[in-house]
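Here are some short notes for a first look at this model. Please read them with the structure open.

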Amino acid sequence: MSGAVSYERARDHLGRLKMEGALLALDDVLERGQKEERLPVEVLDNLLEREVNTRFEKRVRTNLTLSGLPVQKRLEDFDYDAQAQVPRDVIEELSTLRFLHNGENVLFLGPCGVGKTHLAIGLALKAIERGHRVYFLTLHDLVTKSRVARERNRLARIISTILRADLFVLDELGFQPLEPGDATFLFEAINKRYQHQKSTIVTSNKSFGQWGDTFPDTTLAVALLDRLLHHATTVNIRGESYRLKNRREAGLIGALSLSANEAGTPKSG
Ligand code: ADP
Ligand code: MG
């Protein structure tokens, strides 16, 4: 068989096998292989590597779309000087994703605007970039979705969506009081993840002691905390809202904002 025929057949095979990355890289890889006098097996290795890389990038893009992240916030953009309460070494340790591989949880607690969601999303992005599946929901979304699902007898489906994610992010726990059905659903979701040793990140404006207030009964709040805290890193942020701080420093608002913010500071957990 001539080289030209083999080349055409190789292209055709790659196309049929849906190896888009390899197909796109074929000319480049063959050319370089020839120029650098590579062994056939090295050329093959290069070609497959390009395919693997392309697939991984595609998976990352898909996982990002499916994650439901509301915005992209990077850990690299987090200003530690502005928020002395956030221990840089702890965040850097978390960003290795060891917690995810160990099925541990992360809890960010603190008043509004101190960077809880930013840090949770930053970690979620790290996980996505390394090929993990992430599912992000605010508590409000979780409640809305579960109510719709309950009406349609599809609660099992939403639980399995939450369970399937390598990392589940539950944002804004404590922002709204939970009705019994919602609280039970939340417990079930977290408990399932706990049983399967899968990581969850929770952000809350309430200290642990105040969680009971947003639950219809304290037993459920305690049971939820028990699951979440069994293997967990808790980051308590007692600082001032980042945006308010910036504006205050720019002289746009006075001391008023400070005292309002402090009123929402949770007791230590
Ligand atoms: P929270 O979830 O605690 O209410 P957010 O994470 O939503 O607060 O932060 C509010 C805004 O301020 C976001 O745009 C976030 O990116 C920004 N922000 C907060 N803290 C910092 C920080 N230390 N460095 C950079 N941006 C910050
Ligand atoms: Mg938030």
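1. Start with helix α8, residues 155-164 (helices are DSSP runs of H or I, at least four residues; strands are runs of E, at least two; both are numbered from the N terminus). Ile158, Ile159, Ile162 and Leu163 are buried there (under 20% relative accessible area, with exposed over 50% and partly exposed in between; 1.4 Å probe, protein chains only). They sit on the same side of α8 because they cover an arc of only 140 degrees around the axis, taken from the directions from the helix axis to the C-beta atoms. Ala156 and Arg157 are exposed on the face turned away.

2. This is a predicted model: local features need pLDDT of at least 70, side-chain atom pairs count only at pLDDT 80 or more, and totals for chains, interfaces and linings use all residues. Residues are numbered from 1 along each chain as written, chains are lettered from A and ligands numbered from 1 in written order, and side-chain values use heavy atoms, without hydrogens and water.

3. What covers the buried residues of α8? The cover includes β2 (134-138), α7 (139-151), β3 (167-173) and α9 (180-195), with contact meaning heavy atoms within 4.5 Å.

4. Leu186 touches Leu139, Leu142, Leu170, Leu173, Leu178, Phe215 and Leu224, leaving aside residues up to four places away in sequence.

5. Now ligand 1. A polar side-chain atom of His118 lies 2.6 Å from one of its oxygen atoms. For the side chain of Lys73, an N or O atom is 2.8 Å from an oxygen atom of ligand 1. Val114 has a polar backbone atom 3.2 Å from a ligand 1 oxygen atom.

Definitions and conventions: A polar contact is a pair of N or O atoms within 3.5 Å; within protein, one must be able to donate a hydrogen and the other to accept it, and residues adjacent in sequence count only if both atoms are side-chain atoms.
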